[in-house]
Amino acid sequence: MPKVTIDGHTIEVADGTTILQAARQIGGECVPPAMCFYTSLKGSGGKCRTCLVKVSKGSEKDPRPMPKLVASCQTMVMDGMEVASKSSEEVVNARKGVVEFLLLNHPLDCPICDQAGECHLQDLAFEHGSAGTRYEFERRTFEKIDIGPYIKLHMTRCILCYRCVYTANQITDNRVHGIIGRGDHSEISTFIEKAIDNDFSGNVIDVCPVGALTDRTFRFKSRVWFLKPMDAHRECDKCCGKTTAWMYGNEIYRITARKDKYGEVSEFICNTCRFEKKGANDWIIEGARDIEKHSVISQNHYVTEALTVI
Ligand code: SF4
Ligand code: FES
């Protein structure tokens, strides 16, 4: 099993593990941000470049450093490899540059965006971004599109991470969707409307790292930091039925799949659970959900232990 050292932490990992996965096994500050890689989506990663790291030693056999920064979600660990992530000034500067690129066309509309408070780009910009922009050209904008009754596509906010495309690809049989155009003209094709006419289409909302795909049954109803995320489940014949119910008092404002600390869903949920079961009686509420990902939603929340004592 290869051994890799990331920011001074050494770990032994299974063959075929990427630097990003190895860093996640170590945990803490050495974990690179990832805007496009998604563990359960085959083919994801390699698009956004936020996960860049420096390989200062290639391996025990060939200790030469890699000449350029590499995407950690796509680079396999080699035995004896040494990697610098947050500890490298070059890497931190490169991430700043990537954030600047991602924000070139992204509107700074966090105050009215439904994703605010759980947006990966917002967190990334907060940690790595600079306050100004050097971009002087007109920004590209798009009309908002309704993708069926439940999903709104706001292409202006899209960072072209491809996650929704891979999700739609994974949940449908025929590939009739994707990103059309090249370079500055790339956009999520409206053919996606066809692709996500499926019982699991709502999952594209959960995988979208920004506010480009939002839940039409929840849009503008509340801000996530006013809601209490609770683990909830119900008997469902289409999906696992295990969800997070976002509650205000006894009312359920929205249902999402359960996400881990990297914002990833391991078990996708069906549209019936997500969009059609909003009554408190529809669910067995298990208790407060620990929000592991640091973000505004983890601020000012109850402590789970305190709840059980009361
Ligand atoms: S709509 Fe969201 S998930 Fe889809 S490519 Fe754009 S940013 Fe990624
Ligand atoms: S997470 Fe690695 S390139 Fe996007």
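Me: Which residue in β4 is the bridge partner of Leu52?

Reply: In this predicted model, Leu52 has Ala71 of β4 as its bridge partner.

Me: What makes β3 and β4 a pair of strands?

Reply: Two strands pair if there are at least two bridges between them. Strand β3 (residues 52-57) and β4 are joined over 2 bridges, in the antiparallel sense, so the pair meets the cut-off of at least two.

Me: Why do β2 and β4 stand at the edges of their sheet?

Reply: The open sheet of 5 strands has the order β2-β1-β5-β3-β4, with mixed pairing. β2 (9-12) and β4 (70-71) each have a single partner strand, so one side of each is without a neighbour in the sheet.

Me: Which helices lie on this sheet, and at what angles?

Reply: Helix α1 (residues 19-26) lies across β1 (3-6), β2, β3 and β5 (81-84), and runs at about 75° to β1. Angles of 65 to 115 degrees count as roughly perpendicular, so α1 is roughly perpendicular to β1. Helix α2 packs on the sheet too, where it touches β3 and β5; its direction makes about 160° with that of β3. That angle is over 145, so α2 and β3 count as roughly antiparallel.

Me: Why are α2 and α3 called oblique to each other?

Reply: The axes of α2 (residues 89-102) and α3 (residues 120-128) come within 10 Å and cross at roughly 135°. An angle over 145 would be roughly antiparallel and one of 65 to 115 roughly perpendicular; roughly 135° fits neither, and α2 and α3 are therefore oblique. Their crossing is left-handed.

Me: Which residues make up the contact of α2 with α3, and of what classes are they?

Reply: From α2 come Arg95, Lys96, Val99 and Leu102; they meet Leu121, Leu124, Ala125 and His128 of α3. By class, the contact has 5 nonpolar, 1 polar and 2 charged residues. Arg and Lys count as charged, so Arg95 and Lys96 are the charged ones.

Me: How do you know that β7 and β10 pair?

Reply: Strand β7 (residues 151-153) and β10 run antiparallel and are joined by 3 bridges; the cut-off is at least two, so they pair. Lys152 stands opposite Thr214 in β10. The open sheet they belong to has 3 strands in the order β6-β7-β10, with antiparallel pairing. Its edge strands are β6 (145-147) and β10 (213-215), each pairing on one side only.

Me: What surrounds ligand 1?

Reply: There are 14 residues around ligand 1, and the closest are Cys158, Cys161, Cys164, Cys208 and Ala212. The shell has 13 nonpolar, no polar and 1 charged residues. Cys and Ala count as nonpolar, so these closest residues belong to the nonpolar class.

Terms used:
Residues numbered from 1 in each chain as written. Chains lettered and ligands numbered in written order. Predicted model: local features only at pLDDT ≥ 70, side-chain atom pairs only at ≥ 80, totals over all residues. Axes fitted to C-alpha atoms, helices over the stretch in contact; angles between N-to-C directions. Helix = DSSP H or I, 4+ residues; strand = E, 2+ residues; numbered from the N terminus. Parallel < 35°, antiparallel > 145°, perpendicular 65-115°, else oblique. Left-handed = near helix turned anticlockwise from the far one by under 90°. Contact = placed C-beta atoms within 7 Å. Near = placed C-beta within 6 Å.
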